[in-house]
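Hi everyone, thanks for coming. Let me put today's structure up on the screen so that we can walk through it together.

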2 protein chains.
Amino acid sequence: MQHVELAELTPELLPFLGMAARLQLYAFEALAAVAAAAPGLEAKVAVSSAAGAALTRHAGLVEEIRRRDDDPIEAMRPYADAVAAFAAQVAGSDWREDLLSAYVVFGLLDDFFLHLAAGLPGEFGERSARLLHEDAGERALAVVLQREIGADPRLADVLALWGRRLVGDTLLMARSVLSSGPGATDERIEPVLTEIIAAHTRRMDALGLTA
Amino acid sequence: MQHVELAELTPELLPFLGMAARLQLYAFEALAAVAAAAPGLEAKVAVSSAAGAALTRHAGLVEEIRRRDDDPIEAMRPYADAVAAFAAQVAGSDWREDLLSAYVVFGLLDDFFLHLAAGLPGEFGERSARLLHEDAGERALAVVLQREIGADPRLADVLALWGRRLVGDTLLMARSVLSSGPGATDERIEPVLTEIIAAHTRRMDALGLTA
């Protein structure tokens, strides 16, 4: 990962932790709903394990908020409406679209937060980065998606189209996280977006889908 | 916990592990759905942590199945229809009834499986019992239920009624797990049911509800 200067983009520590914790809770809910809706046991087990990974990240970020003697609920509360609106935007029309949503959205957002973590003060950045670096079950989700695409060739086109729509909404969500200070210029933001989109393209390639 | 002779009641090891693993996966799904439906962040966080505990148990039981060189998916598959039918029976009409369902049903079933684990061969019983003994987030669920009941006094009657209906369905589900061998007589089964119902009554008392 290329290291760009991110201190000017990274929001204050508490907003970072609060929003990241809230998003991981949403990732958990979204993945658990896909697991419940998936008809096959293999898919249920794989997607559940990814949901568990999101919950572990959520718990780790909550722990970081507590370390500061802040209240995790209060730290997450400001992002409830934005997350609910975003969840409605990226809701698919069946469990396979919802699974692609989780794969695409949390792939992008995890990378984005990982970049921003480099701008956090003290050891918070390092610990947050370690949390977000841990396996999020992405590989397990890709295996389920590949199996579904293999079983229904028309699905590839539907998911490729759906994936392209998700990227725009997710990048807008990501930008809303950034510090609104004078240093958060387009020149600083662009290289970060370019990198996380490149990683997204590699994830779509892994599914045989055009990004 | 009183130790009754359970070797005659406990199903074979693989059916035990397969059904217990499938039920914990269902517990995870049911609790995650309650977390997603709960309007408040406190409730979301508490119920999510209980969902995570169910997923940890599920993963532990899957690991026990792998230790035997059996396929976890195949071991769980025979119970899919029974679990789906049971899930429909214990589905409430809103997230608070669903939360009581989870509290009552998994409270009873965890106790029941814990009893049966004593009849399992080798170290499987000990390890399964240790898994099922771990905190399932029951206390966290009770706190959320108490808060909801405190905020809406009419809810106590609704939940007490709902709880009584759940017990019958859950005990039927539990009995279906038992070995159907000649040793699984009513005289052997009754003391186990009496004990798990007593523990259930204590859990309902903790909510201020009549069991």
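I'll go from the pairing of the chains to one helix and then to the core.

First, this is a predicted model: local features need pLDDT of at least 70, side-chain atom pairs count only at pLDDT 80 or more, and totals for chains, interfaces and linings use all residues. Residues are numbered from 1 along each chain as its sequence is written, with chains lettered from A and ligands numbered from 1 in the order in which they are written.

How does chain B lie on chain A? A turn of 180° and a shift of 0.0 Å along the axis do it, with an RMSD of 0.0 Å, superposing by least squares on C-alpha atoms of residues with pLDDT of at least 70 in both copies. The two copies are therefore related as by a two-fold rotation axis. Both use the same surface, since 100% of chain B's contact residues recur in chain A.

That contact takes 19 residues from each of chain B and chain A; here, contact means C-beta atoms, placed from the backbone, within 7 Å.

Now helix α2 of chain A, residues 41–67 (helices are DSSP runs of H or I, at least four residues, numbered from the N terminus). Its 27 residues reach 39 Å from first C-alpha to last, close to the 39 Å expected at 1.5 Å a residue, taken as 1.5 Å times one less than the number of residues. Just after α2(A), A:Asp69 takes a positive phi of about 65°.

Finally, A:Val47: leaving out residues up to four places away in sequence, A:Val47 touches residues including A:Leu31, A:Leu99 and A:Val144.

Technical notes: Helices (H or I, at least four residues) and strands (E, at least two) are DSSP runs, numbered from the N terminus. Two residues are in contact if their C-beta atoms, placed from the backbone, lie within 7 Å.
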